[in-house]
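Me: I would like to go through this structure step by step. Please keep the replies short.

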There are 2 protein chains.
Amino acid sequence: MIPERLAACLEAQRLLVEDALDRCLPRPEGPAHRLAEAMRYSVFAGGKRLRPALVLLACELCGGDRGNAVPPACAIELVHTYSLIHDDLPAMDDDDLRRGRPSCHRAFDEATAILAGDALLTLAFEILAQPLVSPTVGLSDRAGEDTAGQASRVTVRVLPSWERRAARFVAELARGAGTAGMLAGQVADMAYQGEAPTAEAVDFIHRHKTAALLASSLRLGAIAADAPSERTDRLGRFGEKLGLAFQIADDALDVQATSEQLGKTAGKDIASGKVTYPAVFGLEESHRRARQLTTEAMAELDPFGPAADLLRDLARYVVERKA
Amino acid sequence: MIPERLAACLEAQRLLVEDALDRCLPRPEGPAHRLAEAMRYSVFAGGKRLRPALVLLACELCGGDRGNAVPPACAIELVHTYSLIHDDLPAMDDDDLRRGRPSCHRAFDEATAILAGDALLTLAFEILAQPLVSPTVGLSDRAGEDTAGQASRVTVRVLPSWERRAARFVAELARGAGTAGMLAGQVADMAYQGEAPTAEAVDFIHRHKTAALLASSLRLGAIAADAPSERTDRLGRFGEKLGLAFQIADDALDVQATSEQLGKTAGKDIASGKVTYPAVFGLEESHRRARQLTTEAMAELDPFGPAADLLRDLARYVVERKA
């Protein structure tokens, strides 16, 4: 069960982030309207907004202004969504369903899904560099420009303090999502498919494919708060361990659950020859390892004291919901 | 014929940019080595490095330090390469050949090509935010970190002056490559396919698909030089008009040339029902319009005087080589 205070917090954050996402996504207008439609279809498919919540909680935990965390919270959700769209493509996991609805390439077409993913990734960096969502005074109006149909150049004034942060945000997000992070995990996931699963393989895949972007979520929140690097690194390690625990629990769930419970095809990982933690270590050891990683993640939060309780609740909820 | 001084300049710039690209691309190591291989295969496929040359020339024309223009020159080439990889995919243009070699998804596989494109786009923003290529002291060593196989977090010190520029670079590149630029053109290109071609359609496609990224190349160079916005905008307009002239000449060439001359399938635009300038206005009017746009582009350079001669030579060369 989700604690009441956490549920209320997540719901408020979800509304804030979805409102900001709505403002930064292009409107479906003009000759390229299908691009905006596909982007919005996938972004508003009912995700839990876990990564944005981690950005916002980390920022507040470090004493930062929540407004500064809204652009990176949106950016990481856009990157997460783009990765799901490209993952679902026929050439990749070939998934027809995502969150109980047709996946992007089924609802639109393959070409549009590829380009919508590309566009979400590009937009993620754009809103970090030049927040269409105002970083300090809440959510600004976009005054109708920047739609997919117009290439007009509108110079948006960016505060010097934001420019400093923007460079750090972009570097952090690119590192978590790129060849040192998520993308390396996706390629390794394919490379190991059909091979005898090893501990090294599953660790590399989990660490890159899932944990890297969760670690980046926490680090982005700390950067938004101008936190000292010791705190940023500590929160990053919390995020990485949480990500590993989450992925192991997710693998275990895929073995145990029915399709109805999952909202997607059960047992698909095994059927497709994916390297999973249970395939290497068995179910019991998987559950033990997920619990151990959660404990290790919690230890990283010790110096923050009771201020980190919401983050602790969220960590427990995320792993236990799976386990 | 290409003027000798331009040829020498382009060759020197090509070497500089390819050296920098080699340093910023990940090494093919570890479980995700195919990702780095595919990225390098496509980046080093023998492109002319036109866009990087425009970045470097614009920076020098505005009195900037060439070193500051190397990261955006690399970034725009990475974005150009990613767009070609995704364009060639079976779900898009379905091209087996690119620059006379198998396209990325033919040399590797579709999934790797999709992810290699994603990785190049991500890396483009990463090197703008945190140049792996040192912005002021030439080309720095990367000391072996950041390979695809390692998610280690290395904090690279970035100069405050670079952070200011980084935010502007990222905003400019994202705008040129995203839903207000290149991606809108690609989606419109598909949307209009098979329909009766109109002047509005071909103008929208050319303006977004080709001209937006060329305009961004010039603007990035001006930003690298901290040029006043009047000069940045002027160079951007030069780039946009050059891009339109270039694309019209390219469309005309596709109608006239043989496959041997092109190094790719001739007449493919027409066969695939693409909206082209000659299809709307005929060949003669296309050549006239390309010349007129080149003249208009040149006029934007008037205030720069003889210092812009190399850029003028390049513009003439780019359009005439096609026409």
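Me: How many residues does the contact take from chain B and from chain A?
Reply: This is a predicted model. Chain A gives 59 residues to the contact. From chain B, the contact takes 60 residues.

Me: Which helix supplies the largest share of the side of chain B that touches chain A?
Reply: Several helices of chain B supply at least two residues each, among them α2 (33-43), α7 (160-177) and α10 (229-256). The largest share is 13 residues. That share comes from α6(B).

Me: How many nonpolar residues does that side of chain B have?
Reply: Split the side of chain B that touches chain A by class. Ten residues are charged and 14 are polar. The nonpolar residues number 36.

Me: Which relation links chain B to chain A?
Reply: Superposing chain B on chain A takes a rotation of 180 degrees, with 0.0 Å of shift along the axis. The RMSD is 0.0 Å. Therefore the relation is that of a two-fold axis.

Me: What percentage of the contact residues of chain B recur in chain A?
Reply: The same surface serves both copies. The share of chain B contact residues that recur in chain A is 98%.

Me: Are α4(B) and α9(B) roughly parallel or roughly antiparallel?
Reply: The axes of α4(B), residues 66-88, and α9(B) come within 8 Å. They cross at roughly 165 degrees. Angles over 145 count as roughly antiparallel. So α4(B) and α9(B) are roughly antiparallel.

Me: How many charged residues are in the contact of α4(B) with α9(B)?
Reply: The residues here include B:Ile76 of α4(B) and B:Leu213 of α9(B). Seven are nonpolar and five are polar. As for charged residues, there are no such residues in this contact: no charged.

Technical notes
Residues are numbered from 1 along each chain as its sequence is written. Chains are lettered from A and ligands numbered from 1 in the order in which they are written. This is a predicted model: local features need pLDDT of at least 70, side-chain atom pairs count only at pLDDT 80 or more; totals for chains, interfaces and linings use all residues. Two residues are in contact if their C-beta atoms, placed from the backbone, lie within 7 Å. Helices (H or I, at least four residues) and strands (E, at least two) are DSSP runs, numbered from the N terminus. Ala, Val, Leu, Ile, Met, Phe, Trp, Tyr, Cys and Pro count as nonpolar, Asp, Glu, Lys and Arg as charged, and the others, Gly among them, as polar. Axes are lines fitted to C-alpha atoms, for helices over the stretch in contact, and angles run from 0 to 180 degrees between N-to-C directions. Angles under 35 degrees count as roughly parallel, over 145 as roughly antiparallel, 65 to 115 as roughly perpendicular and the rest as oblique. Copies are superposed by least squares on the C-alpha atoms of residues with pLDDT of at least 70 in both.
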